[in-house]
Amino acid sequence: MEKIKIGFIGLGNMGGGMSLNIARAGYEMVVHDIDREAATPLLELGAEWAETPKQLAESVDVIFTSLPGPPEVTSVSTGVDGLIEGVSKDSIWIDLSTSSPTLIRELSKKFEDHGATVLDAPVSGGVKGAQTGKLAIMVGGNESIFNQVKPILDSFGDKVSYTGSIGSGSICKLMHNTIGYGMQMIISECLTLGVKAGVKPEELVECIKNGSVGRGNLLNVTLPDTYLQGKFDPPNFALKLARKDVSLALELGREYDVPMEAASHAYNELTAAMNRGWENKDSRISLLLQEERAGNIEVRVDNS
Ligand code: NAD
């Protein structure tokens with residue numbers, strides 16, 4: 001693997017750190033960005049400069065891109081002097097951008113016609129993670145190609161997962177980020193209400209960090225023990241008790257004039273589940289309502 005030549009396009013906040021870690025692992029590199037200055041640290045480490053994505057693709061075995069989003073991914077890959085004009089049989093293009101699963105599936109077909117393979121491999125861990133090599137990388141596409149390039153991925157990520165066919169990495173990443181932003185919304189509701197109702201911000205944040213939310217129990221313990229197994233009996237925490245808690249929080253919100261949109265949504269969901277006669281089941285049974293709305297999609301994980 002050591003002799004492999006690597007191209008990297010998009011040397012910004014994320015790409016800058018990731019490409020430097022690849023270079024530090026000893027791979028020979030060719031780089032490109034619309035902002036040539038962004039390449040300075042790489043060029044100082046001995047990387048070559050390519051004038052266009054096409055030129056870069058012609059001179060390397062594996063190409064990485066870390067671009068803002070779908071328009072840039074499209075123009076770099078299939079625009080004028082794009083990657084597709086420079087790839088050959090056995091070229092591998094790995095897109096690290098957070099982009100559209102449908103787009104990468106379409107681009108993958110076009111590259112296949114030139115004998116090249118595409119993997120989508122978005123990352124999570126932020127700029128600091130990109131600098132320190134502490135990134136999750138979610139990789140979709142041909143599994144044997146994934147195994148072939150895994151040592152390169154390991155040079156800039158510490159949690160590398162194979163997620164399935166092309167596009168699946170992007171799907172995982174979009175679901176991951178949307179969970180984060182949804183959680184952020186309800187966190188801000190509860191922090192503003194808690195502070196307005198009289199708790200010091202530092203005390204409130206500390207209590208939330210120390211509780212099961214802050215310990216990450218939802219993803220690591222509670223959902224795996226209940227919802228992900230479809231197991232709601234006997235209850236760990238009964239639905240009627242969960243609804244009582246959210247109801248009390250909404251009462252407090254009314255008392256202190258704090259709008260609680262996300263919490264009201266959660267309350268309505270728990271109430272609809274109560275109306276199914278599930279009050280004495282585990283509270284996570286309410287998640288079955290969304291499975292029904294999604295078209296009877298079952299999310300079960302066999303952790304035996
Ligand atoms: P950025 O804007 O800092 O970097 C993008 C780089 O691409 C820039 O250097 C820019 O000059 C270059 N570029 C743009 N268009 C180009 C083109 N047509 N040809 C060549 N180079 C071009 O963005 P970023 O924060 O590094 O994010 C990159 C990707 O990683 C995005 O898809 C983002 O959603 C994702 N991401 C970002 C973070 C984060 O915390 N910043 C975390 C995880 C994932």
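In the predicted model described here, Asp81 is found in the loop between helix H4 and strand S5 (92–95), where helices (H or I, at least four residues) and strands (E, at least two) are DSSP runs numbered from the N terminus. Although Asp81 is not a glycine, its phi is positive, at about 55°. A second backbone feature is the cis peptide bond from Asp233 to Pro234, with omega near -10°, and Pro234 is placed in the loop between helix H10 (217–225) and helix H11 (239–255).

Residues are numbered from 1 along each chain as its sequence is written, and side-chain values use heavy atoms, with hydrogens and water left out. Because the model is predicted, local features need pLDDT of at least 70 and side-chain atom pairs count only at pLDDT 80 or more, whereas totals for chains, interfaces and linings use all residues.

The ligand is surrounded by 20 residues, of which Asn13, Met14, Asp33, Leu67 and Thr98 come nearest. This shell divides into nine nonpolar, eight polar and three charged residues, where Ala, Val, Leu, Ile, Met, Phe, Trp, Tyr, Cys and Pro count as nonpolar, Asp, Glu, Lys and Arg as charged, and the others, Gly among them, as polar. A polar side-chain atom of Asp33 lies 2.6 Å from an oxygen atom of the ligand, a polar backbone atom of Met14 is 2.7 Å from a ligand oxygen atom, and a polar backbone atom of Ile34 is 3.2 Å from a nitrogen atom of the ligand. Of the 830 Å² of accessible area that the ligand has on its own, the protein covers 74%, as computed by the Shrake-Rupley method with a 1.4 Å probe. Two or more residues of the shell come from each of helix H1 (13–24), helix H4 (70–78) and helix H6 (126–132), and H4 gives the most, with three residues.

Side chains of opposite charge can pair when their charged atoms come close. Counting a salt bridge as a side-chain nitrogen of Lys or Arg within 4 Å of a carboxyl oxygen of Asp or Glu, the total comes to 10. In one of these, Lys5 pairs with Glu48, and the closest N and O atoms are 3.2 Å apart. Since Lys5 belongs to strand S1 (residues 5–9) and Glu48 to strand S3 (residues 48–49), this salt bridge ties together parts that are 43 residues apart in sequence.

Definitions and conventions
A residue is near a molecule or strand if one of its heavy atoms lies within 4 Å of it. A polar contact is a pair of N or O atoms within 3.5 Å; within protein, one must be able to donate a hydrogen and the other to accept it, and residues adjacent in sequence count only if both atoms are side-chain atoms.
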